[in-house]
Amino acid sequence: MEKTIVTQDSMETIALGKKLGALLKPGHVLLLSGDLGAGKTTFTKGVGQALEIKRVINSPTFTIAKEYRGNCKLCHLDLYRLESLGDDFDLEEYFNEDVITVVEWPYNVRELWPNEYLMIEITLHGTKRNITLKPCGKKYETILEALYV
Ligand code: ADP
Ligand code: MG
């Protein structure tokens, strides 16, 4: 089962991220794929709103990872530049049972993905975005079933 939602502007993408974020628990992993400017970071801002994170979430492109604290911890990774940093990178150290982890540019580390995750693919269509949620693992299927969109 997968779901595709079309958003007309960034506010709608944030609202979708917020709806999903309200269903997430520490230990969950989101993989966010899509071109530069697709809206991955925008979607993550919505997740942050659901977690009541007050700090502004922006692209961590130059730092790989940023950690935020709201109702629970959020670890936001951007692996766009990873190739230029070499391959002694360990993705697993960012996954644990007390943090929600969001990974932008996950295909740069395809071999390091966890066994279960929620894949979110964003494609641009003019000003619209197609956002497809693809669960891998039972707990993510349950989340998607609970997501009313
Ligand atoms: P990414 O992290 O995928 O590189 P960003 O979220 O940083 O993308 O940027 C997306 C840009 O596209 C923002 O400037 C945002 O305002 C704009 N935008 C326009 N329409 C949408 C939409 N429907 N959803 C998300 N962002 C949108
Ligand atoms: Mg980004």
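Protein donors of a metal are taken here as N, O and S atoms within 2.8 Å of it, and because water is not among the atoms, a site may look incomplete. With that in mind, the metal site of this predicted model is a good place to start. The magnesium ion (ligand 2) has T41, through OG1, and E104, through OE, as its protein donors, at 2.2 to 2.3 Å. These two residues bring together distant parts of the chain: T41 belongs to helix α2 and E104 to strand β5, with their positions 63 residues apart. T41 has a relative accessibility of 15%, and it counts as buried because the cut-off is under 20%. E104 is buried as well, with a relative accessible area of 3%.

Residue T41 leads on to the second bound molecule. Ligand 1 is surrounded by 16 residues, of which the closest are T13, G37, K40, T41 and T42. A polar side-chain atom of K40 comes to 2.7 Å from an oxygen atom of ligand 1. Backbone atoms take part too: a polar one of D9 lies 3.2 Å from a nitrogen atom of the ligand, and a polar one of T127 is 3.5 Å from a nitrogen atom of ligand 1.

Behind these sites is the sheet. It is open and built from seven strands in the order β1-β7-β6-β2-β5-β4-β3, with mixed pairing. Strands β1 (3-7) and β3 (65-69) form the edges; each has a single partner strand, so one side of each is left without a neighbour in the sheet. On average, neighbouring strands are turned by 20° against each other, direction ignored. Helix α2 (residues 40-50), the helix that holds T41, packs on this sheet and touches β2 (29-33), β4 (73-78), β5 (99-104), β6 (117-125) and β7. The direction of α2 makes about 150° with that of β2. Helix α3 (residues 138-146) lies across β1, β2, β6 and β7, and runs at about 135° to β7.

At the edge formed by β1, the pairing with β7 (residues 128-136) is antiparallel and comprises five bridges. Within this pairing, K3 stands opposite L133 of β7.

Strand β2 deserves a closer look. Its pairing with β5 is parallel and spans four bridges, with V29 opposite T101 of β5. Towards β6, β2 is again joined by four bridges in the parallel sense, and here L31 has M119 as its bridge partner. How many of the five residues of β2 are buried? Five of the five are, so the strand is largely enclosed by the rest of the structure. Both of its faces are covered, V29, L31 and S33 being buried on one side and L30 and L32 on the other.

Just ahead of this strand, the loop between α1 (10-21) and β2 contains P26. Is P26 buried or exposed? With a relative accessible area of 34%, P26 is partly exposed. Leaving aside neighbours within four places in sequence, P26 is in contact with C72, E97, D98, V99 and I100. P26 and K73 are 47 residues apart in sequence, yet their C-alpha atoms are 7.4 Å apart in space.

Methods
Residues are numbered from 1 along each chain as its sequence is written. Chains are lettered from A and ligands numbered from 1 in the order in which they are written. This is a predicted model: local features need pLDDT of at least 70, side-chain atom pairs count only at pLDDT 80 or more; totals for chains, interfaces and linings use all residues. Side-chain values use heavy atoms; hydrogens and water are left out. Two strands pair if DSSP finds at least two bridges between them. Axes are lines fitted to C-alpha atoms, for helices over the stretch in contact, and angles run from 0 to 180 degrees between N-to-C directions. Contact means heavy atoms within 4.5 Å. Donors are N, O and S atoms within 2.8 Å of the metal (3.2 Å for Na, K and Ca); water is not among the atoms, so sites may look incomplete. Buried means under 20% relative accessible area, exposed over 50%, partly exposed in between (1.4 Å probe, protein chains only). A residue is near a molecule or strand if one of its heavy atoms lies within 4 Å of it. A polar contact is a pair of N or O atoms within 3.5 Å; within protein, one must be able to donate a hydrogen and the other to accept it, and residues adjacent in sequence count only if both atoms are side-chain atoms.
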